[in-house]
There are 2 protein chains.
Amino acid sequence: MANVIDKAACRFKLMASHDAMEVIQGKWRIPIIISVSFGNKRFGEIRKDIADISPKILSQELKALEMNQIISRTLFDSMPVTVEYALTPLGKSLKPLLDEVLKWGLHFRKQVVK
Amino acid sequence: MANVIDKAACRFKLMASHDAMEVIQGKWRIPIIISVSFGNKRFGEIRKDIADISPKILSQELKALEMNQIISRTLFDSMPVTVEYALTPLGKSLKPLLDEVLKWGLHFRKQVVK
DNA sequence: GTAACTAGTTTCCAATAGGTAACTAGTATA
DNA sequence: TATACTAGTTACCTATTGGAAACTAGTTAC
């Protein structure tokens with residue numbers, strides 16, 4: 001590292017990227033956000049979108065995303081009870097990031113071949 | 001999910017984002033990439049940048065990044081032997097993604113207050 | 001009464017990630 | 001001979017993540 005300015009810039013970037021990754025990291029967070037971004041979603045609909053996710057994990061990850069204010073949970077007193085998950089404004093603000101993740105994922109696949 | 005087109009688009013996004021996250025996920029990948037992005041780096045220099053990383057983990061993560069063609073490893077026959085890690089073109093292509101991660105991390109910190 | 005639909009929860013287990021401490025190997029210096 | 005520098009490795013342990021299977025609760029239709 002060349003100098004003190006670089007050192008400070010480096011630590012600053014380390015901190016900001018850590019904050020972001022804490023929210024989107026894990027096997028299921030991004031898949032859930034993508035699924036919900038296609039419109040308001042019910043629990044069972046998200047399960048169908050993301051094959052292989054168990055109800056326990058889905059429930060747990062939805063709670064985490066709700067705590068981080070990425071998605072909202074709305075309960076409807078219909079019969080039977082239904083619940084709708086939707087992106088909050090903060091959740092919607094993830095779009096540019098997710099677009100880059102997507103774009104780079106395709107680039108990587110082209111380059112490294114799988 | 002409204003229709004067949006959405007379903008296909010959703011699955012496509014799920015796949016691409018999964019590929020990208022496989023590469024950058026984990027506690028240390030992004031910190032290492034950021035550190036190396038500040039110029040070619042020796043093993044000990046990266047250790048100093050990222051306080052708390054153990055040599056075992058750094059070695060292991062550098063290997064993984066090298067396998068994914070994100071960084072290159074160059075050995076110099078100096079005395080004592082030195083090694084330089086640098087971003088490959090594929091590694092450098094991560095810049096827009098990392099910039100968005102950073103940007104969103106700052107936005108999140110402002111919104112959610114920590 | 002029984003099955004089915006909604007949205008989960010509970011228990012118990014396996015796999016992966018991460019971490020600590022000590023050690024290795026080659027060379028140079030005091 | 002002892003110490004230090006380079007760049008790691010090794011063994012062992014803990015913590016977090018992820019997962020399968022069964023179960024819960026409220027309501028409706030057959």
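In this predicted model, a polar side-chain atom of R42(A) lies 3.0 Å from a phosphate oxygen of DNA strand C. Chains A and B superpose with an RMSD of 0.0 Å after a turn of 180° and a shift of 0.0 Å along the axis, the copies being fitted by least squares on the C-alpha atoms of residues with pLDDT of at least 70 in both. That is the relation of a two-fold axis.

Residues are numbered from 1 along each chain as its sequence is written, and chains are lettered from A and ligands numbered from 1 in the order in which they are written. As the model is predicted, local features need pLDDT of at least 70, side-chain atom pairs count only at pLDDT 80 or more, and totals for chains, interfaces and linings use all residues, while side-chain values use heavy atoms, with hydrogens and water left out.

**DNA strand C**

- The strand is surrounded by 21 residues, of which S59(A), R73(A), Y85(A), K27(B) and K56(B) are the closest; a residue is near a strand if one of its heavy atoms lies within 4 Å of it.
- A side-chain N or O atom of Y85(A) is 2.6 Å from a phosphate oxygen of DNA strand C, and a polar side-chain atom of W28(B) lies 3.0 Å from a phosphate oxygen of this strand.
- Sugar or phosphate accounts for 72% of the atoms of DNA strand C within 4 Å of the protein, and bases for the rest.
- At least two residues each come from α3 (43-49), α4 and β2 of chain A and from α4 of chain B; helices (H or I, at least four residues) and strands (E, at least two) are DSSP runs, numbered from the N terminus.
- The element that gives the most to this surface is α4(A), with 4 residues.
- By class, the surface near DNA strand C comprises 10 nonpolar, 5 polar and 6 charged residues, where Ala, Val, Leu, Ile, Met, Phe, Trp, Tyr, Cys and Pro count as nonpolar, Asp, Glu, Lys and Arg as charged, and the others, Gly among them, as polar.

**DNA strand D**

- Among the 20 residues around DNA strand D, those that come nearest are K27(A), K56(A), M79(A), S59(B) and R73(B).
- Phosphate oxygens of DNA strand D lie 2.6 Å from a side-chain N or O atom of R73(B), 3.1 Å from a polar side-chain atom of R42(B) and 3.4 Å from a backbone N or O atom of G44(B).
- Two or more residues each are given by α4 (55-67) of chain A and by α3 (43-49), α4 (55-67) and β2 (82-87) of chain B, with α4(B) giving the most, 4 residues.
- The surface near DNA strand D has 10 nonpolar, 4 polar and 6 charged residues.
- Of the DNA strand D atoms within 4 Å of the protein, 73% belong to sugar or phosphate and the rest to bases.

**Contacts between the protein chains**

- The copies meet through the same surface, because 100% of the interface residues of chain A are also interface residues in chain B.
- S93(B) is located in the loop between α5 (89-92) and α6 (95-112) of chain B.
- Beyond its neighbours within four places in sequence, S93(B) is in contact (heavy atoms within 4.5 Å) with W104(A) and H107(A).
- The side chains of S93(B) and W104(A) make a polar contact at 2.9 Å; such a contact is a pair of N or O atoms within 3.5 Å, and within protein one must be able to donate a hydrogen and the other to accept it, with residues adjacent in sequence counting only if both atoms are side-chain atoms.
- In contrast to that contact with chain A, S93(B) and W104(B) are 19 Å apart in space, C-alpha to C-alpha.
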